[in-house]
Amino acid sequence: MRASKHWLHQRISAVLLCFFIPGFWFLAKALNTSSYKELHLTLSNPVCLTFLSAAFIFILYHAQLGLTVVIEDYTQATKRKILIHLTNAALLSLLLSFIYSILKLLKGI
């Protein structure tokens, strides 16, 4: 049951990420063509911040699921698996705190 649930979560997160692709295209275009003030106003919008935060959460969740599969499939030693999983979780928490601080910085300026 665990493998099928993992597979289902991987597919659902992949489908949800497809809906965020146009937003990332818009963001990439805005980064290249907009001035700092225009970009700041766009990114300070609560709707934009909500969608951007949701996209990053889904990206991180999807990556976490994929890394878990790779670790389980290609690592043999139990102690090494535990160490890699803990390192993976620590790096994910650092990345989440970095993204949170960037979003707070954009909101506060």
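These are my notes on the aromatic pairs, helix H1 and the cysteines of this structure.

**Before starting**

I am working from a predicted model, so everything below is computed from that.

**Aromatic pairs**

I looked for paired rings and got 2 aromatic pairs in the structure. I took Phe20 and Phe58 to begin with: their ring centres are 6.0 Å apart and the planes make 35°. Stacked needs under 30 degrees and edge-to-face needs over 60, so I put this pair down as tilted.

Where do Phe20 and Phe58 lie? I found Phe20 in the loop between helix H1 (2-18) and helix H2 (21-33), while Phe58 belongs to helix H4 (residues 46-74). The two are 38 residues apart in sequence, so the pair ties together separate parts of the chain.

Buried or exposed, I wondered about Phe20. It comes out at 15% relative accessibility, and because the limit for buried is under 20%, Phe20 counts as buried. Phe58 has a relative accessible area of 26%, so I noted it as partly exposed.

Then I turned to Phe24 and Phe56. Here the ring centres are 6.3 Å apart and the planes stand at 70°, so I have an edge-to-face pair. Phe24 sits in helix H2 and Phe56 in helix H4, 32 residues apart, and I logged this as another link between distant parts of the chain. Both rings belong to partly exposed residues: I read 27% relative accessible area for Phe24 and 28% for Phe56.

**Helix H1**

Next I checked the length of H1. With 17 residues at 1.5 Å a residue, I expected a span of 24 Å; the end C-alpha atoms are 25 Å apart, which agrees.

Which residues of H1 are buried? I get Gln10, Ser13 and Leu17. They cover an arc of only 70° around the axis, so I have them on the same side of H1. I also looked up what covers these buried residues, and the answer includes H2 and H4.

**Cysteines**

How many disulfides does a search of the whole structure find? I got 0. Cys18 is in no disulfide, and its nearest cysteine sulfur, that of Cys48, is 20 Å away. A disulfide would need the sulfur atoms within 2.5 Å, so I left that search there. From the other end, I find Cys48 in no disulfide either, with the sulfur of Cys18 as its nearest.

I finished with their accessibility. Cys18 is at 49%, which makes it partly exposed, as exposed starts over 50%. Cys48 is at 22% and also counts as partly exposed.

Definitions and conventions:
Residues are numbered from 1 along each chain as its sequence is written. This is a predicted model: local features need pLDDT of at least 70, side-chain atom pairs count only at pLDDT 80 or more; totals for chains, interfaces and linings use all residues. Side-chain values use heavy atoms; hydrogens and water are left out. Rings of Phe, Tyr and Trp (its six-membered ring) pair if their centres lie within 6.5 Å; planes under 30 degrees apart count as stacked, over 60 as edge-to-face and the rest as tilted. Helices (H or I, at least four residues) and strands (E, at least two) are DSSP runs, numbered from the N terminus. Buried means under 20% relative accessible area, exposed over 50%, partly exposed in between (1.4 Å probe, protein chains only). The expected span of a helix is 1.5 Å times one less than its number of residues. The arc is that of the directions from the helix axis to the C-beta atoms. Contact means heavy atoms within 4.5 Å.
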